[in-house]
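This report goes through a structural model helix by helix, and then turns to the packing and the backbone. Please keep the sequence and the structure in view while reading.

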Amino acid sequence: MTRQLAHSPARPVSVQRLLLGCGVVAGPVYVTVALAQALTRAGFDLARHPWSFLANGDLGWIQTANFVLTALATIAAAAGLRRGLAPGRGALWAPILIGAFGTSMTGAALFPADPAMGFPAGTPEGPGHRDPVRDPAHGRRRRRIPVHGRGLLRHRFAVRP
């Protein structure tokens, strides 16, 4: 005698689960894409260069897209947290802070790091330099704050006006 099993339909995916799932995959996808680039791009040294340098050069669009996709997934996760957490301080601040992090990833996509320290290949060694006319977000002059006293307070401090 054979027995038939009843087929139960798959559980539908709710919007909240989908948003939270975006947050689960955001980190591993970001690390995988950045690490794959770091290991395959000519002149990139994991010991010397931050991953944001990968946004420079001919293949920089890959890292820029990685920043944007990670930002969107993180912001989606913040929205899912906002929907799912019980009322309270954590339900307010956790989604706000995670959403702010996602927004900062968008900033990384919009304002790529200066080519520096020999990456991309052909870039001189040393810190990068931006033209303040073409990129005013990075080209502000620093001014010194006068600090009176001794010890650590006498060191130079710089702020952006």
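## Helix H1 and its cover

In this predicted model, the buried residues of H1 have a cover that includes H2 and H3. The residues of H1 that are buried are Leu19, Ala26, Tyr30, Ala34, Gln37 and Ala38. With 26 residues at 1.5 Å a residue, H1 should span 38 Å, and the 37 Å between its end C-alpha atoms agrees with that. The helix nevertheless has a kink of about 30° at Val25, which lies shortly before the proline Pro28.

Gln37, found in helix H1, has a relative accessibility of 5% and therefore counts as buried, the limit being under 20%. When residues up to four places away in sequence are not counted, Gln37 touches Leu54, Leu59, Ile62 and Gln63.

## Helix H3 and its two faces

Helix H3, which runs over residues 89-110, has 22 residues and reaches 32 Å from its first C-alpha to its last, close to the 32 Å expected at 1.5 Å a residue. Its buried residues are Ala91, Pro95, Gly99, Gly102, Met105 and Ala109. Because these residues cover an arc of only 100° around the axis, they lie on the same side of H3.

What covers this buried set includes helix H1 (15-40) and helix H2 (60-84). The face of H3 that is turned away from the buried side carries Arg89, Leu97 and Leu110, which are exposed.

## Buried residues of helix H2

Two residues of helix H2 are described here, Thr70 and Phe67. Thr70 has a relative accessible area of 6% and is therefore buried, given that the limit is under 20%. Apart from its neighbours within four places in sequence, Thr70 is in contact with Ala26, Tyr30 and Met105; of these, Ala26 and Tyr30 are among the buried residues of H1, and Met105 is one of the buried residues of H3.

Phe67, at 4% relative accessibility, counts as buried as well. Not counting residues up to four places away in sequence, Phe67 touches Tyr30, Ser52, Ala55, Met105, Ala108 and Ala109. In the case of Ala108, the two residues are 41 apart in sequence, while the C-alpha atoms of Phe67 and Ala108 are 6.7 Å apart in space.

## Nonpolar cores and aromatic rings

Which residues make up the largest nonpolar core? It consists of seven residues, namely Ala34, Ala38, Phe44, Phe53, Leu54, Ala116 and Phe119. Leaving aside neighbours within four places in sequence, Phe119 is in contact with Arg41, Ala42, Gly43, Phe44, His49, Phe53, Leu54 and Asn56. A second core, separate from this one, has six residues, including Tyr30, Ala55, Phe67 and Ala109.

The structure holds three aromatic pairs, and ring pairs link Tyr30, Trp51 and Phe67 into a cluster. Two members of that cluster, Tyr30 and Phe67, are also among the residues of the second core.

## Backbone features after H3

Most residues other than glycine have a negative phi, and most peptide bonds are trans. In the loop between H3 and S1, Met117 has a positive phi of about 55° although it is not a glycine. The relative accessibility of Met117 is 26%, so that Met117 counts as partly exposed.

A cis peptide bond, with omega about 0°, joins Phe119 and Pro120. Pro120 has its place in the loop between H3 and strand S1 (143-144), whereas Phe119 is also a member of the largest nonpolar core.

## The chain as a whole

The chain has three helices and two strands, and from the N terminus on its elements run α-α-α-β-β. Of the 161 residues in the chain, 24% are buried. Among contacts between residues at least 6 apart in sequence, 50% join residues that are at least 24 apart.

Key
Residues numbered from 1 in each chain as written. Predicted model: local features only at pLDDT ≥ 70, side-chain atom pairs only at ≥ 80, totals over all residues. Heavy atoms only, no water. Helix = DSSP H or I, 4+ residues; strand = E, 2+ residues; numbered from the N terminus. Expected span 1.5 Å × (residues − 1). Buried < 20%, exposed > 50% of the residue type's maximum accessible area, 1.4 Å probe, protein only. Arc of directions from axis to C-beta. Contact = heavy atoms within 4.5 Å. Phe/Tyr/Trp six-rings, centres within 6.5 Å; stacked < 30°, edge-to-face > 60°. Bend = angle between axes of the 7 residues up to and from the residue. Core = buried A, V, L, I, M, F, W, Y, C linked by side-chain atoms within 4.5 Å.
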